[in-house]
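Q: I should like to learn how the features of a protein model are read, one at a time. Could we work through an example together?

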Amino acid sequence: MNQDTGKWIILAGLLIAIGGIVWYFFGDKLGFLGNLPGDFKVEKENFRFYFPLTTMILISVLINIIIRIVKYFNIP
């Protein structure tokens, strides 16, 4: 491993910590996540299936935008 790997691990940890802080303080305002159109829910007597497709796509797009911004400004 080199120093760049360490910087990326620190950056990932900071992003996770920031996400945790946002979730802690604004979790009640983020109730729409998981309930978007396109999030599949199947509930039967002894069976529950939940597949948050739209939420996963939205989070993927946001992560992709963040990564592109980091690469554009050449942060660590």
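The dialogue below goes from the overall form of the chain to individual residues and ring pairs.

Q: What kind of model is this, and how many helices and strands are in the protein chain?
A: This is a predicted model. The protein chain contains two helices and two strands. Followed along the sequence, these elements give the pattern α-β-β-α.

Q: How does the radius of gyration of the protein chain stand against that of a compact globule of 76 residues?
A: The general idea is to set the value beside a globule rule. For a compact globule of 76 residues the radius would be near 11 Å, whereas the protein chain has 17 Å. The principal axes add to this picture: along them the C-alpha trace spans about 55 × 25 × 25 Å.

Q: Which share of the residues is buried, and which share of the contacts joins residues 24 or more positions apart?
A: Of the 76 residues in the protein chain, 8% are buried. Among contacts with a separation of 6 or more, 17% are between residues 24 or more positions apart.

Q: What is the accessible surface of the protein chain, and how much of it belongs to carbon and sulfur atoms?
A: The accessible surface comes to about 6,800 Å², and carbon and sulfur atoms hold 69% of that area.

Q: How many positive and negative side chains are there, and how far apart are the centres of the two sets?
A: Here one counts each sign and then compares the two centres. The protein chain carries 7 positive and 5 negative side chains, with 8 Å between the centres of the sets.

Q: Is Thr55 buried or exposed, and which residues does Thr55 contact beyond its neighbours within four places in sequence?
A: A residue counts as buried when its relative accessible area is under 20%. Thr55 has 8% and is therefore buried. Thr55 belongs to helix α2, which covers residues 53–72. Apart from neighbours within four places in sequence, Thr55 is in contact with Leu33, Gly34, Leu36 and Asp39.

Q: Where is Arg68 placed, and is Arg68 buried or exposed?
A: Arg68 also lies in helix α2. The cut-off for exposed is over 50% relative accessible area. Arg68 has 59%, so Arg68 is exposed. From Arg68 to Asp4 there are 64 residues in sequence and 17 Å in space, taken C-alpha to C-alpha.

Q: Where is Glu43 found, and how far is Glu43 from Leu11 in space?
A: Glu43 is part of strand β1, residues 39–43. Its relative accessible area is 61%, so Glu43 counts as exposed. Glu43 and Leu11 are 32 residues apart along the chain, and 39 Å separates their C-alpha atoms.

Q: How is a residue such as Ala17 classed by relative accessibility?
A: Partly exposed is the class between buried and exposed. Ala17 has 40% relative accessibility and therefore counts as partly exposed. Ala17 sits in helix α1, residues 3–26. Ala17 and Lys7 are ten residues apart in sequence, and their C-alpha atoms are 15 Å apart in space.

Q: How many aromatic pairs are there, and which residues form the edge-to-face pair?
A: Rings pair if their centres lie within 6.5 Å, and planes over 60 degrees apart count as edge-to-face. By this rule there are two aromatic pairs. Tyr24 and Phe25 form an edge-to-face pair, with 4.9 Å centre to centre and 85° between the planes. Tyr24 and Phe25 are both exposed.

Q: Which residues form the stacked pair?
A: Planes under 30 degrees apart count as stacked. Phe49 and Phe51 form such a pair, at 6.4 Å centre to centre with 10° between the planes. Phe49 is partly exposed at 41% relative accessible area, and Phe51 is partly exposed at 34%.

Technical notes:
Residues are numbered from 1 along each chain as its sequence is written. This is a predicted model: local features need pLDDT of at least 70, side-chain atom pairs count only at pLDDT 80 or more; totals for chains, interfaces and linings use all residues. Side-chain values use heavy atoms; hydrogens and water are left out. Rings of Phe, Tyr and Trp (its six-membered ring) pair if their centres lie within 6.5 Å; planes under 30 degrees apart count as stacked, over 60 as edge-to-face and the rest as tilted. Buried means under 20% relative accessible area, exposed over 50%, partly exposed in between (1.4 Å probe, protein chains only). Helices (H or I, at least four residues) and strands (E, at least two) are DSSP runs, numbered from the N terminus. The radius of gyration is taken over C-alpha atoms; the globule rule is 2.2 Å times the number of residues to the power 0.38. Contact means heavy atoms within 4.5 Å. Accessible areas come from the Shrake-Rupley method with a 1.4 Å probe; for residues, only the protein chains shown count as cover. Lys and Arg count as positive and Asp and Glu as negative; His and the chain ends are not counted. The place of a charge is taken as NZ of Lys, CZ of Arg, CG of Asp or CD of Glu.
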